[in-house]
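Reader: I would like to learn how to read a protein model. Could we take one strand and work outwards from there?

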Amino acid sequence: MAHFDVFNGDADGICALHQLRLADPREATLVTGVKRDIALLERVDAHSGDSVTVLDVSIDVNRQALVALLERGVTVQYFDHHGSGEVPVHARLHAVINTAPAICTGIIVDRWLGGAHRIWTIVAAFGDNFAQAARKLAAPLGLQTAQLDLLQELGECVNYNAYVDNEADLVMHPAALYSILHRHADPFTFIGTEPVFQELRESRRLDLNLARRIQPLVSALHGKVMLLPDAPWSRRVRGVYGNLLATGSPDQAHAILVPDTQGGYTVSVRAPFSVLRGADALCRQFAGGGRPAAAGINHLPQDKLPVFIDAFEQAFRRP
Ligand SMILES: [Mn+2]
């Protein structure tokens, strides 16, 4: 009987699976991709009697493939924090879905495992930019400040790796990164011994330096719209840069645009930290989606840019 581990390629997806497989080791075919590759279940070639674990990609996007797998006789275990719509009811589906605003998939799995690999939950939460939740989870572990800072950097670096549009811009494929990371129950041995961590850290540092030189396209009281140039570094850095801006100006919303291959833009939106809502509703107006705190648009046509800027202002203007 074959098993498939299907997970988002960002820090939350990778660390959620890592925790689960430390506690419950299994041979598995890995199915993952860049952060925006979320329609992952349709790639799973599972048959009756096989099993699938899915982490950190929404049921809504994968509904058809999920129902098809269940009907084919496949058993599915599902952990996620994205808006799911209705969760299918099926004897072979075990789903743990929690869409509360400061819950990531790593935290859902942590609760499932009774905190068995808490230190990786902290990395997952930092990766999803839930620094407060991460610090709270870390409190009982008695870590030094420098160690906590390293865990934050690890989460941010793993997350940074996944934000590209296509696999050609990746520092390392998330499946390969997971496989290296999974050799380490202790994140500090990963940090200290695996060259990929230094590579990610350095690449992220250089990309952030480039991003910081770009002036905002729109800068208003309620938020900023940034347009990054058409370059691999822009595509790699936009997610972590968005998180950084959101953390630095907690009362402002942020949108980061990067030109796409179709003459339009991909867009990442971060709601103000102080309200943590509105990002998904804004993005849905442009065929995008996500969570209330963080959402995105895969393709915003160029001529829709002024409409988007208006909608951004409407969405986040203070009464
Ligand atoms: Mn997540």
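Reader: Which residues lie on the two sides of β9, and are they buried or exposed?

Author: Begin with the terms. Helices (H or I, at least four residues) and strands (E, at least two) are DSSP runs, numbered from the N terminus. A residue is buried if 20 or more other C-beta atoms lie within 10 Å of its own, exposed if 12 or fewer, and partly exposed in between, with C-beta atoms placed from the backbone. In β9, Tyr265, Val267 and Val269 on one side are buried, as are Thr266, Ser268 and Arg270 on the other, so both faces are covered. The strand takes in residues 265–270, and six of its six residues are buried.

Author: A word on the source. This is a predicted model, in which local features need pLDDT of at least 70, side-chain atom pairs count only at pLDDT 80 or more, and totals for chains, interfaces and linings use all residues. Residues are numbered from 1 along each chain as its sequence is written.

Reader: Which strands are joined to β9?

Author: Two strands pair if DSSP finds at least two bridges between them. Strand β8 (residues 253–259) runs antiparallel to β9 and is joined to it by six bridges; here Leu257 stands opposite Val267. Strand β11 (residues 294–300) is also antiparallel to β9, with five bridges, and Tyr265 stands opposite Leu300.

Reader: What is found between β8 and β9?

Author: The two strands form a hairpin with five residues between them, and Gly263 in this hairpin has a positive phi near 80°.

Reader: Which residues other than glycine have a positive phi here?

Author: Most residues other than glycine have a negative phi. Asp56 is one with a positive value, near 70°, and Ala287 is another, at about 60°.

Reader: Where are Asp56 and Ala287 found, and is each buried or exposed?

Author: Asp56 is in the loop between β3 (51–55) and α2 (59–71). Asp56 counts as buried because it has 31 C-beta neighbours inside 10 Å. Ala287 is in the loop between α11 (279–284) and β10 (289–290). Ala287 has 10 other C-beta atoms within 10 Å, so Ala287 is exposed.

Reader: How many helices and strands does the protein have, and how much of the protein is buried?

Author: The protein has twelve helices and eleven strands. Buried residues are 46% of its 319 residues. Along the principal axes, the C-alpha trace spans about 55 × 45 × 40 Å.
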